[in-house]
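Q: Could you take me slowly through the part of this model that surrounds the bound molecule, and then through the sheet that this part leads into? I would like to follow how the pieces are placed relative to one another.

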Amino acid sequence: ASLWQDVPQGPPDAILGIAQAFRACEDPKKVNVCVGAYRTSEGNPWVLPSVRKAEGIMLENNEIKEYLPIEGDAAFVEKALQFAYGKNAPLDRIAGVQTLSGTGACRIGGAFLNAFLPGRTIYIPDPSWGNHKKIFEACGLTVQTYRYYERSQNGLDFEGMLEDIQTAPKGSIMLLHACAHNPTGCDPTPAQWQQIYQSILERDHVAFFDSAYQGFASGDSEQDAGALRAAVDAGLPVLLAQSFAKNFGLYGERCGTLSVVCGTAAQKDLVMSQLKCIIRPMYSSPPRHGSSIVKTVLSDEPLTEQYYEECASMANRIVDMRTKLVEKLHEVGSTHDWSHVTQQIGMFAFTGMSSDMCDQLTEEYSIFLTRDGRISIAGLNDNNLEYVAKAVHAVTD
Ligand code: PMP
């Protein structure tokens with residue numbers, strides 16, 4: 001008998017498994033609207049020209065390949081935190097470390113919370129990014145959900161959300177999507193955020209923001225940071241998991257930060273020391289290529305301006321495709337109300353289609369999507385839009 005003979009087959013990842021099925025599909029008409037990655041109007045991945053330029057600068061400067069410190073590149077972290085919290089952010093009391101993109105940031109943040117706020121529950125929205133539950137459970141936290149989305153209305157369940165925040169045990173951790181909620185594309189309004197923050201303050205909860213789409217949602221990174229910055233202004237205890245995967249197109253470079261807003265600079269130093277203790281036995285130190293790119297772009301004003309325009313162009317193409325999808329659905333004869341799709345924000349359209357309808361799209365039309373009815377708008381372009389609209393109409397008619 002061999003040592004591993006009793007190891008059972010692990011379940012495939014819900015999203016990455018679909019990507020695999022897409023690759024294996026031989027139908028020339030196949031469409032991938034599952035992937036959470038930007039595609040050009042030709043359907044191809046895109047390296048931002050500002051990112052390429054930064055890589056050129058790095059090469060010219062003969063950048064070395066030495067280890068980064070445990071906490072990452074301090075100059076990158078400073079630029080990244082200013083990008084998130086704003087130019088006037090109280091960086092003197094924000095502990096921040098470089099992480100392995102947003103996933104790694106959630107994981108380090110979760111480990112920190114589990115170590116220093118033991119026994120508390122983290123509440124994630126229902127629904128949420130599929131990995132949240134797994135990440136925080138792997139950190140040892142108990143994961144529960146708060147109501148977020150009302151499927152019958154295709155909109156935010158604000159009353160339910162507020163009630164669940166108010167009735168959660170005092171001192172709970174509330175995971176909040178900073179903007180462009182994944183998968184629903186549905187965010188609270190600024191006024192609703194204020195009410196959420198009041199409830200969090202009243203209950204001594206902790207706000208853990210997951211920011212994977214800053215700038216990618218509206219095209220304006222300042223606007224997309226509004227909810228996070230308002231939480232800091234309101235005096236909430238804030239943690240932030242920041243990803244540069246989507247907004248800089250740095251998916252595979254695994255570049256992000258985890259930060260903890262502290263009361264004083266002295267607290268910040270203590271928190272930093274503990275974050276390093278968590279990181280060291282996990283992976284010692286983060287990779288340097290992606291963070292060097294972001295640092296190079298954000299340290300050079302003209303390059304930063306160019307970057308903003310390129311990020312906005314991605315956001316604008318997605319907004320444009322959203323409108324066109326709804327127009328096309330009506331054009332091909334759908335009489336359903338699809339207005340929620342145009343109102344949503346970010347990479348995805350949460351269509352309201354049932355899992356049976358999704359299966360039918362995949363089986364009969366080779367359109368690959370997650371079974372919750374989420375369509376990645378980034379996967380749509382002028383060449384496949386009509387095909388997708390017709391198929392969606394056929395399965396929802
Ligand atoms: N949070 C949310 C809500 C996401 O959608 C994603 C990306 N799918 C992430 C975090 C993290 O992604 P990454 O680890 O690639 O930065």
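A: In this predicted model, helix α4, which covers residues 101-116, contributes 3 residues to the shell around the ligand, and that is the most given by any element. The shell counts 13 residues, of which Ser101, Gly102, Thr103, Ala212 and Ser243 come nearest to the ligand. Sorted by class, the residues of the shell comprise 8 polar, 4 nonpolar and 1 charged.

Ser243 leads us from the ligand into the sheet, since Ser243 is among the residues that come nearest to the ligand and strand β9 spans residues 238-243. How many of the 6 residues of strand β9 are buried? The count is 6 of 6, so strand β9 is largely enclosed by the rest of the structure. If we look along β9, we find that Val238, Leu240 and Gln242 point one way, that Leu239, Ala241 and Ser243 point the other way, and that all of them are buried.

We can now ask which strands lie beside β9. With strand β8, made of residues 206-211, β9 pairs in the parallel sense over 5 bridges, and in this pairing Phe209 stands opposite Leu240 of β9. With strand β10, made of residues 256-261, β9 also pairs over 5 bridges, but here the sense is antiparallel, and Ala241 stands opposite Leu258 of β10. As background, the strands of a sheet pair through backbone hydrogen bonds, and they may do so in either a parallel or an antiparallel way.

Stepping back, we see that β9 belongs to an open sheet of 7 strands, arranged in the order β2-β10-β9-β8-β7-β3-β4, in which the pairing is mixed. The edge strands are β2, at residues 94-99, and β4, at residues 142-147, and each of them pairs on one side only. From one strand to the next, the twist averages 20 degrees. Further along that order, strand β3 (residues 121-126) and strand β7 (residues 173-177) run parallel and are joined by 2 bridges, with Ile122 standing opposite Ile173 of β7.

Let us return to strand β8 and choose one of its residues, Ser211, which is found in that strand. Is Ser211 buried or exposed? A residue counts as buried when 20 or more other C-beta atoms lie within 10 Å of its own, and because Ser211 has 27 C-beta neighbours inside 10 Å, it counts as buried. If we leave aside the neighbours within four places in sequence, Ser211 is in contact with Ala84, Ala178 and Leu228, and also with Leu240, Ala241, Gln242 and Ser243. Those last four also appear among the buried residues of β9, and Ser243 brings us back to the shell, where it is one of the residues that come nearest to the ligand. Ser211 also shows how sequence and space can be compared, for Ser211 and Leu176 are 35 residues apart in sequence, while their C-alpha atoms are 8.7 Å apart in space.

For contrast, consider Glu60, which is found in helix α2. A residue counts as exposed when 12 or fewer other C-beta atoms lie within 10 Å, and Glu60 has 8, so Glu60 is exposed, whereas Ser211 in strand β8 is buried.

Terms used. Residues numbered from 1 in each chain as written. Predicted model: local features only at pLDDT ≥ 70, side-chain atom pairs only at ≥ 80, totals over all residues. Near = placed C-beta within 6 Å. Nonpolar A, V, L, I, M, F, W, Y, C, P; charged D, E, K, R; others polar. Pairing = 2+ DSSP bridges. Axes fitted to C-alpha atoms, helices over the stretch in contact; angles between N-to-C directions. Contact = placed C-beta atoms within 7 Å.
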